[in-house]
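Thanks for asking me to look this one over. Here are my notes, arranged as a few numbered points that you can check against the viewer.

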Amino acid sequence: MLVRDDGNGFDVGATPHGHYGLRGMRERVLALGGEFEIKSETGVGTTLLFTLSLPRS
């Protein structure tokens with residue numbers, strides 16, 4: 001899944017205290033064996049990329 005916005009962006013390495021949303025997403029995706037990538041640039045926007053392999057039913 002790819003999610004992209006053209007908002008304010010942020011410094012990915014400087015998560016303020018008490019902000020756990022993206023960290024929680026990353027932990028859940030990794031726990032399921034997936035990959036999680038964040039790209040963000042101040043003044044440009046943010047892109048989140050989640051990759052998961054789902055079992056066939």
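The points below start with the strand pairing and then move to single residues.

1. A word on the source before anything else: this is a predicted model, so please read each value here as computed from predicted coordinates.

2. Strand E3 covers residues 45–51 and has two pairing partners in these notes. Strand E2 (residues 35–41) pairs with E3 in the antiparallel sense, over seven bridges. Strand E1 (residues 2–5) also runs antiparallel to E3, and four bridges join the two. A handy place to see both pairings is Leu48 in E3: Val3 stands opposite Leu48, and Ile38 stands opposite Leu48 as well.

3. The hairpin of E2 and E3 has three residues between the strands. If you check backbone angles, look at Gly43 in this hairpin, where phi is positive and near 85°.

4. How much of E3 is covered? Most of the strand is, with five of its seven residues buried. Thr46 and Thr47 are two places to look. Thr46 sits in E3 and counts as buried because its relative accessibility is 10%, below the 20% cut-off. Thr47 is in E3 too, and its 18% relative accessibility also makes it buried, since the limit is under 20%.

5. Thr46 deserves a closer look for its side chain, which makes a polar contact of 2.8 Å with the side chain of Ser40. Beyond its neighbours within four places in sequence, Thr46 is in contact with Val3, Arg4, Asp5, Gly9, Phe10, Ile38, Lys39 and Ser40.

6. Which side chain does Thr47 reach with a polar contact? The partner is Arg4, at 3.4 Å. Setting aside residues up to four places away in sequence, Thr47 touches Leu2, Val3, Arg4, Glu37, Ile38 and Lys39. For a distance check, the C-alpha atoms of Thr47 and Gly9 are separated by 9.1 Å, while the two residues are 38 apart along the chain.

7. In general, side chains in a regular strand alternate between the two faces of the sheet. You may like to keep that in mind when viewing the two threonines.

8. Last, the surface. Leu52 lies in the segment after strand E3 and is partly exposed, because its relative accessible area is 37%, which falls between the 20% and 50% limits. Together with Leu32 and Leu54, Leu52 forms a nonpolar patch on the surface, and the three leucines have about 340 Å² of accessible area together.

Note on methods: Residues numbered from 1 in each chain as written. Predicted model: local features only at pLDDT ≥ 70, side-chain atom pairs only at ≥ 80, totals over all residues. Heavy atoms only, no water. Patch = residues over 30% accessible without salt bridge, like charges linked within 9 Å, V, L, I, M, F, W, Y side chains within 5 Å. Areas by Shrake-Rupley, 256 points an atom, 1.4 Å probe, with all protein chains shown as cover. Salt bridge = Lys/Arg side-chain N within 4 Å of Asp/Glu carboxyl O. Buried < 20%, exposed > 50% of the residue type's maximum accessible area, 1.4 Å probe, protein only. Contact = heavy atoms within 4.5 Å. Polar contact = N/O pair within 3.5 Å; in protein donor to acceptor, adjacent residues only side chain to side chain. Pairing = 2+ DSSP bridges.
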